[in-house]
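The following paragraphs lead the reader through one protein model, helix by helix and contact by contact. Please keep the sequence and the structure in view while reading.

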Amino acid sequence: MSFTLATARKVAQVGLRRASTAASPANVQAVANNFAAKLDPIIYYSKVVAEVAKQVYTKNNLQPPAMATMQEAQNIASSLAKSAMQGAHKTWTKTDVQKGAVLAGEAITFFLIGEVVGRRSLIGYSA
């Protein structure tokens, strides 16, 4: 099947007709209404979440960390990165590795216990 200039013009005309039909004011209005209908619940629930977060923030007397705390955390992170790049792990003893494994196991265990408590079930979430 050859694709001639006449066929190309016919296809272009059909495409333009469809595009002009799709861009009619009624279709644009329908798309806008559909978008607004989906946007309203998102805005509502985001405001609810923000209000709950604000209440939790004020109830627990939360506050952002001080600049000194942020600087200290940045220094610790940079020193850990430097020591990792310089090969500090090569000087670890068997005892150090065992202590690290026990601490990692404790952290994972506490996380999993928190998951079970949060779900109020030992297996999976209820649907």
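Helix H3 has 19 residues, and its first and last C-alpha atoms lie 27 Å apart, close to the 27 Å expected at 1.5 Å a residue. The expected span of a helix is taken as 1.5 Å times one less than its number of residues. After H3 comes Gly 87, with a positive phi near 85 degrees.

The model is a predicted one, in which local features need pLDDT of at least 70 and side-chain atom pairs count only at pLDDT 80 or more, while totals for chains, interfaces and linings use all residues. Residues are numbered from 1 along each chain as its sequence is written, and side-chain values use heavy atoms, with hydrogens and water left out.

H3 belongs to a protein chain with four helices and zero strands, which gives the pattern α-α-α-α along the sequence. Helices (H or I, at least four residues) and strands (E, at least two) are DSSP runs, numbered from the N terminus.

The confidence of the prediction is expressed as pLDDT, which runs from 0 to 100 for each residue. For the protein chain the mean pLDDT is 83, and 90% of the residues reach 70 or more. Among the elements, helix H1 (residues 5-22) has the lowest mean pLDDT, 71, and H4 the highest, 93. Where pLDDT is low, the predicted coordinates should not be read in detail.

How much of the protein chain is buried? Of its 127 residues, 1% count as buried; the term buried means under 20% relative accessible area, exposed means over 50%, and partly exposed lies in between (1.4 Å probe, protein chains only). The accessible surface of the protein chain comes to about 11600 Å², and 66% of this belongs to carbon and sulfur atoms. Such areas come from the Shrake-Rupley method with a 1.4 Å probe, and for residues only the protein chains shown count as cover.

Helix H2 may be considered next. Its 35 residues should span 51 Å at 1.5 Å a residue, and the end C-alpha atoms are 50 Å apart, which agrees. One salt bridge in this helix joins Glu 51 to Lys 54, with the closest N and O atoms 3.5 Å apart. A salt bridge here is a side-chain nitrogen of Lys or Arg within 4 Å of a carboxyl oxygen of Asp or Glu. Glu 51 and Lys 54 are three residues apart in H2, about one turn of the helix. An α-helix has 3.6 residues a turn, so residues three or four places apart point the same way. Both partners are partly exposed: Glu 51 has a relative accessible area of 35%, and Lys 54 one of 47%.

Aromatic side chains also meet. Rings of Phe, Tyr and Trp (its six-membered ring) pair if their centres lie within 6.5 Å; planes under 30 degrees apart count as stacked, over 60 as edge-to-face and the rest as tilted. By this rule there is one aromatic pair. Tyr 44 and Tyr 45 form this edge-to-face pair, at 5.0 Å centre to centre and with 75 degrees between the planes. Tyr 45 is exposed, at a relative accessible area of 53%.

Tyr 44 and Tyr 45 also contribute to a nonpolar surface patch of about 670 Å², together with Val 48, Val 52, Val 56, Tyr 57 and Leu 62. Patches are made of residues with over 30% relative accessible area and no salt bridge: like charges are joined within 9 Å, and nonpolar side chains (Val, Leu, Ile, Met, Phe, Trp, Tyr) within 5 Å. Val 56 lies in helix H2 and is partly exposed, with a relative accessible area of 41%.

Which residue just after H2 takes a positive phi? Asn 61 does so, with about 50 degrees, although it is not a glycine. Asn 61 is located in the loop between helix H2 (25-59) and helix H3 (67-85), and it is exposed, at a relative accessible area of 65%.

Helix H4 remains. Its 26 residues should span 38 Å at 1.5 Å a residue, and its end C-alpha atoms are 37 Å apart, which agrees. In this helix, Arg 119 and Glu 115 meet in a salt bridge at 3.7 Å, N to O. The two are four residues apart in H4 (residues 94-119), about one helical turn. Arg 119 is partly exposed at 21%, as is Glu 115 at 27%. H4 is followed by Arg 120, whose phi is positive, near 60 degrees.
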